[in-house]
Amino acid sequence: MRSNPSGRYTLGHEHSTLASHRTRTAANSAAYLLPHLKPGMQLLDIGCGPGTISLDLAALVAPGKVIGLENTETPLLAARAEAAARSDTSTMFQFGDALNLPFEDDRFDVVHAHQVLQHLAAPLTALREMLRVCKPGGWVAARDADYAAMSWYPELPGLEQWRQTYCAAARANGAEPNAARRLRAWAHAAGIPHPRMTASLWCYADTENCLWLGHG
Ligand SMILES: C[S@@+](CC[C@H](N)C(=O)[O-])C[C@H]1O[C@@H](n2cnc3c(N)ncnc32)[C@H](O)[C@@H]1O
């Protein structure tokens, strides 16, 4: 089903991966975007995963509509189940490829991708597609991770080995795990001359999160 054979998705869609992605909310993963959202906006969430961020965003732009897009079935099913659990009958979760978006030009007010560009072998193609389907004056919004910037204590050898192994696997799949630091350059290359850059982090230092991350 993949139209980008050189960009195999490294993480897969195992239960543990989807469970981790389900902890994501618009507040903890897209806070930079929230001040720009207005009721009535049409929003596309590319690589929506299990849909928790998409559905939070849907509540903020209603009666505008959100479409969540995925190029594999497993997260789409999870996202539809999440929508049903929230009694959201308006948000659509549909199949499509970030590199060849199945939408006409200038369709959306907001085109969003959270932790997706880092997984693609052609992030510039995806960004250009995001620009294409975004209305003039709309928002193209991307947040991504930077594996080399992740830090922890104690400096356990096993965790460093995990980082090295993951980064090697991602690069073998044609992706760039240190994506965040490249976002500005990618935006320039995609034709966004003055991107607005912000930084935010996830902190797992309280007891609940240490237990979740360590044993989840
Ligand atoms: C790290 S997950 C992020 C999911 C969600 N945005 C979140 O933050 O919870 C990346 C998602 O992008 C999807 N993806 C990867 N390549 C894609 C492509 N070419 N087109 C659409 N989705 C893609 C994967 O299936 C995966 O669910």
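The legends below describe close-up views of a predicted model with a bound ligand.

**View 1. Confidence along the predicted chain.** The mean pLDDT of the protein is 94, and 96% of the residues reach 70 or more. Residues 1-6 are a stretch where pLDDT stays under 50. For residues 1-6 the model has twelve contacts beyond four places in sequence.

**View 2. Residues around the ligand.** The ligand is surrounded by 19 residues. The closest are His-13, Arg-24, Gly-47, Glu-70 and His-114. Sorted by class, the shell holds six nonpolar, ten polar and three charged residues.

**View 3. Polar atoms of Gly-47, Glu-70 and Asn-71 at the ligand.** Gly-47 places a backbone N or O atom 2.7 Å from a nitrogen atom of the ligand. Glu-70 has a polar side-chain atom 2.5 Å from an oxygen atom of the ligand. For Asn-71, a polar side-chain atom lies 3.4 Å from a nitrogen atom of the ligand. The ligand taken alone exposes 600 Å², and the protein buries 98% of that area.

**View 4. The salt bridge between Arg-86 and Asp-56.** Side chains of opposite charge can pair when their charged atoms come close. In the model, the side chains of Arg-86 and Asp-56 form a salt bridge with an N to O distance of 2.7 Å. Arg-86 sits in the loop between α4 (73-85) and β3 (92-95), whereas Asp-56 belongs to helix α3 (residues 52-61). The two residues are 30 residues apart, and the pair links distant parts of the chain. The count for the model comes to ten salt bridges.

**View 5. Ser-87 in the loop between α4 and β3.** Ser-87 has phi near 55°. This is a positive value in a residue other than glycine. The loop that holds Ser-87 runs between α4 and β3; Arg-86 of the salt bridge is also placed between these two elements.

**View 6. The cis peptide bond from Ala-62 to Pro-63.** Omega of this bond is near 5°. Pro-63 is located in the loop between α3 and β2 (66-70). Helix α3 is also the element that contains Asp-56.

**View 7. The cis peptide bond joining Tyr-153 and Pro-154.** For this bond omega is about 0°. Pro-154 lies in the loop between β5 (134-143) and α6 (157-172).

How values were computed. Residues numbered from 1 in each chain as written. Predicted model: local features only at pLDDT ≥ 70, side-chain atom pairs only at ≥ 80, totals over all residues. Heavy atoms only, no water. Near = heavy atom within 4 Å. Polar contact = N/O pair within 3.5 Å; in protein donor to acceptor, adjacent residues only side chain to side chain. Areas by Shrake-Rupley, 256 points an atom, 1.4 Å probe, with all protein chains shown as cover. Nonpolar A, V, L, I, M, F, W, Y, C, P; charged D, E, K, R; others polar. pLDDT = per-residue confidence, 0-100. Contact = heavy atoms within 4.5 Å. Salt bridge = Lys/Arg side-chain N within 4 Å of Asp/Glu carboxyl O. Helix = DSSP H or I, 4+ residues; strand = E, 2+ residues; numbered from the N terminus.
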